[in-house]
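Work through the exercises below with the sequence and the 3D view open. Try each task before you read its solution.

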Amino acid sequence: MPILLDHQLREQIARHTAMFPVTYFCNELASLPHWEGPLHWHTDFEIATALNNAIEFQVGRQHILLNAGESIFINGNMLHGIKQSSGTLPDPLPNIVFSGTAVAPETGEIYRKYIQPIARCDALPFVLFREKNGWENEVNASIQDIYRLMREQGPCFEMAVQRSLSRIFELLFLHLNDLPKSENTRIQITAQIRIQKMLSFIREKYAEPVTLEDIAKAADISRSEAGRCFDTYMECSPVEALIRHRLQVALRLMKDTTLTLQEIGCSCGFHSVSYFIRQFRKAYGCTPGEYRMMGK
């Protein structure tokens with residue numbers, strides 16, 4: 001399923017049941033343009049593993065290269081995105097998105113003592129598991145067990161997943177003081193809040209006429225400050241981010257509907273078909289019509 005975002009930029013996560021707050025995904029990159037997932041966030045934790053190719057993760061302002069066989073733990077409420085940076089086929093990139101309540105209830109001592117210190121550690125936006133020995137290797141083995149259990153969903157699989165998640169948090173807690181930390185200054189936190197507000201505005205208003213000033217106003221900042229925020233987090237201008245999102249919506253409509261190119265362009269905020277085609281070709285190397293003919 002494609003990454004779906006609500007108006008607050010939070011990923012909409014379809015759980016199999018609210019009683020077991022763990023969701024397993026695989027082969028998501030194949031459905032994304034350029035095998036790249038947009039910046040988004042959710043309150044849950046996330047764990048992902050590169051299987052065959054190098055995957056670039058962006059967490060906050062940091063860019064991390066995950067090599068084949070390595071895993072990453074992303075803390076809750078962190079702005080993050082993904083992009084495959086090697087290989088000729090999309091990586092399966094198995095991952096789980098889960099609440100700490102899968103391990104223990106929020107009102108309990110286990111959650112307060114072991115989960116909360118990790119969830120509330122602003123200096124711990126992510127943890128990498130690269131080593132092939134020691135405790136990191138045990139974490140990677142537990143992660144692979146969870147993927148298998150979530151795929152197979154055999155008898156009592158939820159209990160087995162809970163045990164593996166509990167062991168991962170146990171190891172994270174035991175090594176919490178030794179994990180590399182990232183200093184988040186007030187300026188950095190403010191910048192992330194601003195970029196979240198502006199991206200949320202883009203995703204809500206993309207179909208309407210939107211100016212640079214409109215985007216900046218969403219975060220109550222100047223146009224120049226808006227430009228600095230986007231350059232820092234997305235290496236593009238606010239208007240370029242708007243066009244990117246419009247094109248991503250257009251791709252989805254071309255795959256999932258029979259709307260004409262004119263109807264799609266108009267519904268995505270492009271003022272003319274020729275402008276829509278020009279921007280599409282610039283981004284994807286072909287026209288929308290050619291893209292549809294190729295059945296992508």
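**Exercise 1. Strand β4 and its partners**

Task: Decide how covered strand β4 is, then find the strands that pair with β4.

Solution. Step 1: locate the strand. β4 spans residues 55–59. Strands here are DSSP runs of E with at least two residues, helices are runs of H or I with at least four residues, and both are numbered from the N terminus.

Step 2: check the cover. β4 is mostly covered, with 4 of its 5 residues buried. Buried means under 20% relative accessible area, exposed means over 50%, and partly exposed lies in between (1.4 Å probe, protein chains only).

Step 3: note what you are reading. This is a predicted model, where local features need pLDDT of at least 70 and side-chain atom pairs count only at pLDDT 80 or more, while totals for chains, interfaces and linings use all residues. Residues are numbered from 1 along each chain as its sequence is written, and side-chain values use heavy atoms, with hydrogens and water left out.

Step 4: find the partners. Strands pair if DSSP finds at least two bridges between them. β4 pairs with β5 (residues 62–66) in the antiparallel sense over 5 bridges. β4 also pairs with β7 (residues 80–84), again antiparallel and over 5 bridges.

Step 5: look at the turn. The hairpin of β4 and β5 has 2 residues between the strands. Gly-60 takes a positive phi there, near 65°. Val-59 stands opposite Gln-62 in β5.

**Exercise 2. Strand β7**

Task: List the bridge partners of Lys-83 and Ile-82 in β7.

Solution. Step 1: start from β4. Glu-56 stands opposite Lys-83. Phe-57 stands opposite Ile-82.

Step 2: turn to β2 (residues 36–40). This strand runs antiparallel to β7, and 3 bridges join the two. Glu-36 has Lys-83 as its bridge partner in β7.

Step 3: put it together. Lys-83 is opposite Glu-56 and is also the bridge partner of Glu-36.

Step 4: check the cover of β7. Of its 5 residues, 4 are buried.

**Exercise 3. Positive phi outside glycine**

Task: For Asn-77 and Cys-156, find the loop and say how accessible each residue is.

Solution. Step 1: Asn-77. Its phi is near 65°, a positive value in a residue other than glycine. Asn-77 sits in the loop between β6 (71–74) and β7. Its relative accessible area is 41%, so Asn-77 is partly exposed.

Step 2: Cys-156. Its phi is positive, about 60°, although Cys-156 is not a glycine. The loop lies between α2 (134–152) and α3 (157–174). Cys-156 has a relative accessible area of 52% and is therefore exposed.

**Exercise 4. Contacts across the sequence**

Task: Take Glu-46 and Pro-92, decide whether each is buried or exposed, and name what each touches.

Solution. Step 1: Glu-46. This residue lies in strand β3 (residues 45–49). Its relative accessibility is 9%, so Glu-46 counts as buried.

Step 2: find its contacts (heavy atoms within 4.5 Å). Leaving out residues up to four places away in sequence, Glu-46 touches Ile-72, Phe-73, Ile-74, His-80, Asn-95, Ile-96, Val-97 and Phe-98. Asn-95 is 49 residues away along the chain, yet the C-alpha atoms of Glu-46 and Asn-95 are 7.1 Å apart.

Step 3: Pro-92. Look in the loop between β7 and β8 (95–98). At 17% relative accessibility, Pro-92 is buried.

Step 4: list the contacts of Pro-92. With residues up to four places away not counted, they are Cys-26, Asn-27, Glu-28, Leu-51 and Asn-52. Pro-92 and Glu-28 are 64 residues apart in sequence and 7.1 Å apart in space, C-alpha to C-alpha.

**Exercise 5. The whole chain**

Task: Compare the radius of gyration of the protein chain with that of a compact globule.

Solution. Step 1: count the elements. The chain has 10 helices and 9 strands.

Step 2: apply the rule. The radius is taken over C-alpha atoms, and the globule rule is 2.2 Å times the number of residues to the power 0.38. For 296 residues a compact globule would come near 19 Å; the chain has 20 Å, which agrees.

Step 3: add the box and the burial. The C-alpha atoms fill roughly 55 × 45 × 35 Å along the principal axes. Of the 296 residues, 47% count as buried.
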